[in-house]
Amino acid sequence: MNHSTHRGVATKNYPPGPKGHWLLGSLRPYSLEPIEFLQEQTERYGAFVHFKLVHNDAYCITDPELIREVYLNQHTKFVKNRFFWGHVTEIFGRGLLTNEGESWKVQRKLAAPAFQRRSISCYMACMRDFTEAMLNDWQDGEKRSLHDEMMRVTADIAAKTLFDKSLDQGGQRILEAVHRIEEQIPIRLRRPFFFIDKLPLKNNRIYHENLNILDEEIHAFIEAEAHSSTPSNTLLSMLMSARYEDGSGMSRQQLRDEVISIFLAGHDTTAISLSWTAYLLSGHPAIKERMLSEIDTVLDNRSPSFEDLAQLRFTRNVLKESMRLYPAAYMTGRDAYEDVDIGGYTIRKGSMVFISPAVMHRLPEYFPEPDVFNPDRWDTIDERALRFVYIPFGGGPRVCIGEHFSMMEAMTLLSMIYQRFDLQYAGKAPEGAMLSATMVPRQGMPMCFSKRIRIKESDTMSPAMMQENL
Ligand code: HEM
């Protein structure tokens with residue numbers, strides 16, 4: 001890229017970019033439509049763009065080699081974006097999602113074994129049971145918000161795998177509190193100034209009241225686990241038995257922060273990915289038929305086992321392609337913790353860097369016909385070459401710790417849902433995305449469920465048998 005040929009506020013200190021408003025810079029267009037804004041700037045100025053958000057320097061990076069610098073090679077020089085996470089520090093505390101520095105490193109090392117493929121395979125039965133219960137509740141011909149259904153089932157699975165707690169038995173209070181807090185997150189994230197979070201507003205009161213409820217409940221789970229004679233087979237129990245180098249365990253507060261972060265980071269992202277997958281399938285019947293045929297052949301009316309998931313190759317491609325077009329975590333952001341030299345420029349301490357999976361995933365140089373839903377592209381793509389291009393789970397040491405968990409959960413849900421039901425989008429208009437911390441379906445993804453009737457060969461009657469029956 002030849003920086004000197006671009007128009008904008010390029011100086012030898014900054015890569016090119018839009019001039020923006022004299023006071024607010026690009027705050028307005030960025031806040032209104034962040035993905036479109038970054039896409040437009042990338043098309044106009046290239047793979048390294050500079051702009052202003054009020055008095056802050058901000059950068060958008062879409063060159064995978066520069067993303068490698070931020071996510072991996074120079075990751076210790078960055079912290080998570082405070083413009084974003086600063087509004088919700090009371091929720092996540094020093095949990096993995098927002099923790100920094102040495103403390104993050106130690107916590108990540110301690111938590112990692114609990115999220116390895118081998119450790120989480122035991123949660124497959126729980127995922128199947130909750131999916132089965134949800135499907136038993138669905139009626140042929142009815143219309144429901146698929147997003148609500150997915151949010152509920154992923155919350156059920158998260159509560160069971162984290163604390164061995166069923167949300168039906170006394171867990172309603174925590175679910176309600178989580179729901180209220182999740183409603184408040186987009187409201188807080190849209191605020192341009194932090195002082196608004198401290199004002200005596202109704203929304204701030206709701207936020208704090210529900211955070212107190214969530215705290216009470218989580219601390220009660222931690223105490224129950226600490227005093228239990230037999231440790232449960234839960235993520236909480238694994239975190240509680242993990243030991244630092246000096247032999248001590250995590251404090252109650254640290255456990256609380258980790259558990260809430262995992263619960264909140266984990267359930268809506270998976271739910272959202274499934275809702276968008278069903279939406280794409282509904283609009284692409286030929287692709288859906290191929291997926292149904294694979295599910296029917298591999299599973300043959302059984303519930304999927306851990307081993308079966310590896311055989312569902314096309315179904316996995318469908319999921320990957322849907323996470324390309326609709327990455328639930330559409331934006332990752334960092335703040336420079338010190339001056340950082342990248343791509344021939346110095347990103348000054350305190351500047352913000354935006355890396356957007358939503359923007360990266362539609363770059364035509366990596367994904368020809370980027371807006372087309374084409375799961376087959378994953379058969380020919382060299383995924384190692386796309387390591388810092390296809391980034392639905394981020395990248396580098398801060399890559400999503402729940403990646404295997406969520407893929408196993410999403411594949412289980414997807415295959416079991418389509419084994420039993422056909423889903424048709426029933427919204428009055430095409431579904432749109434509401435951009436909060438995640439890419440939420442604005443209309444709740446209304447879907448019509450029709451029971452699939454699958455006639456196995458052994459169930460069909462031969463002409464001779466039909467004759468006999470007459
Ligand atoms: C489709 C589902 C999911 C998506 C799209 C997703 C996406 C992401 C992304 C992009 C990041 C990195 C953010 C950044 O670099 O700023 C991340 C981090 C994280 N995710 Fe996920 N996630 C998903 C599911 C889960 C699940 C199921 C869990 C837990 C069970 C989880 C827990 C976390 C945690 C704790 C982090 C912070 C990791 C760290 O910084 O060390 N996520 N996720």
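**Exercise 1. The ligand shell**

Task: Find which residues come nearest to the ligand, and which helix gives the most to the shell around it.

Solution. This is a predicted model, in which local features need pLDDT of at least 70, side-chain atom pairs count only at pLDDT 80 or more, and totals for chains, interfaces and linings use all residues. Residues are numbered from 1 along each chain as its sequence is written.

Step 1. There are 23 residues around the ligand. A residue is near a molecule or strand if its C-beta atom, placed from the backbone, lies within 6 Å of it. Gly 266, Thr 269, Gly 394, Cys 400 and Gly 402 come nearest.

Step 2. Look at the helices. Helices (H or I, at least four residues) and strands (E, at least two) are DSSP runs, numbered from the N terminus. Both α13 (252–283) and α19 (403–420) supply at least two residues of the shell. α13 gives the most, with seven residues.

Step 3. Sort the shell by residue type. Ala, Val, Leu, Ile, Met, Phe, Trp, Tyr, Cys and Pro count as nonpolar, Asp, Glu, Lys and Arg as charged, and the others, Gly among them, as polar. The shell has eleven nonpolar, nine polar and three charged residues.

**Exercise 2. Strand β1 and its hairpin**

Task: Decide whether the residues of β1 are buried or exposed, and name the strand that six bridges join to β1.

Solution. Step 1. A residue is buried if 20 or more other C-beta atoms lie within 10 Å of its own, exposed if 12 or fewer, and partly exposed in between; C-beta atoms are placed from the backbone. In β1 (residues 48–53), six of the six residues are buried, so the strand is largely enclosed by the rest of the structure.

Step 2. Check each face. In a regular strand the side chains alternate between the two faces of the sheet. Phe 48, His 50 and Lys 52 lie on one side of β1, and Val 49, Phe 51 and Leu 53 on the other. All of these are buried.

Step 3. Find the partner. Two strands pair if DSSP finds at least two bridges between them. Six bridges join β1 to β2 (residues 56–61), and the two run antiparallel. Opposite His 50 stands Tyr 59 of β2. The two strands form a hairpin with two residues between them. In the turn, Val 54 has a positive phi of about 50 degrees.

**Exercise 3. The five-stranded sheet**

Task: Give the order of the five strands in the open sheet that holds β1.

Solution. Step 1. The order is β1-β2-β8-β5-β3, with mixed pairing. β1 and β3 (78–80) are the edge strands, each pairing on one side only.

Step 2. Follow β2 to β8 (residues 352–355). These two pair in the parallel sense over three bridges. Cys 60 stands opposite Phe 354 in β8.

Step 3. Add the helix. α2 (residues 34–45) packs on the sheet and touches β1, β2 and β8. Two residues are in contact if their C-beta atoms, placed from the backbone, lie within 7 Å. The direction of α2 makes about 130 degrees with that of β1. Axes are lines fitted to C-alpha atoms, for helices over the stretch in contact, and angles run from 0 to 180 degrees between N-to-C directions.

**Exercise 4. The three-stranded sheet**

Task: Name the edge strands of the open sheet formed by three strands, and the helix that packs on it.

Solution. Step 1. The order is β4-β12-β9, and the pairing is antiparallel. At the edges stand β4 (143–145) and β9 (421–425), each with a single partner strand, so one side of each is left without a neighbour in the sheet. On average, neighbouring strands are turned by 40 degrees against each other, direction ignored.

Step 2. Five bridges join β9 to β12. Tyr 425 stands opposite Met 447 in β12.

Step 3. Helix α9 (residues 146–163) packs on this sheet, touching β4, β9 and β12. Its direction makes about 60 degrees with that of β4.

**Exercise 5. Two positive phi angles**

Task: Decide whether Asp 300 and Met 445 are buried or exposed.

Solution. Step 1. Most residues other than glycine have a negative phi, and most peptide bonds are trans. Asp 300 has a positive phi of about 45 degrees. For Met 445 the positive phi is about 50 degrees.

Step 2. Asp 300 is in the loop between α14 (285–299) and α15 (306–311). It is exposed, with 11 other C-beta atoms within 10 Å.

Step 3. Met 445 is in the loop between β11 (439–441) and β12 (446–451). It counts as buried, with 27 C-beta neighbours inside 10 Å.
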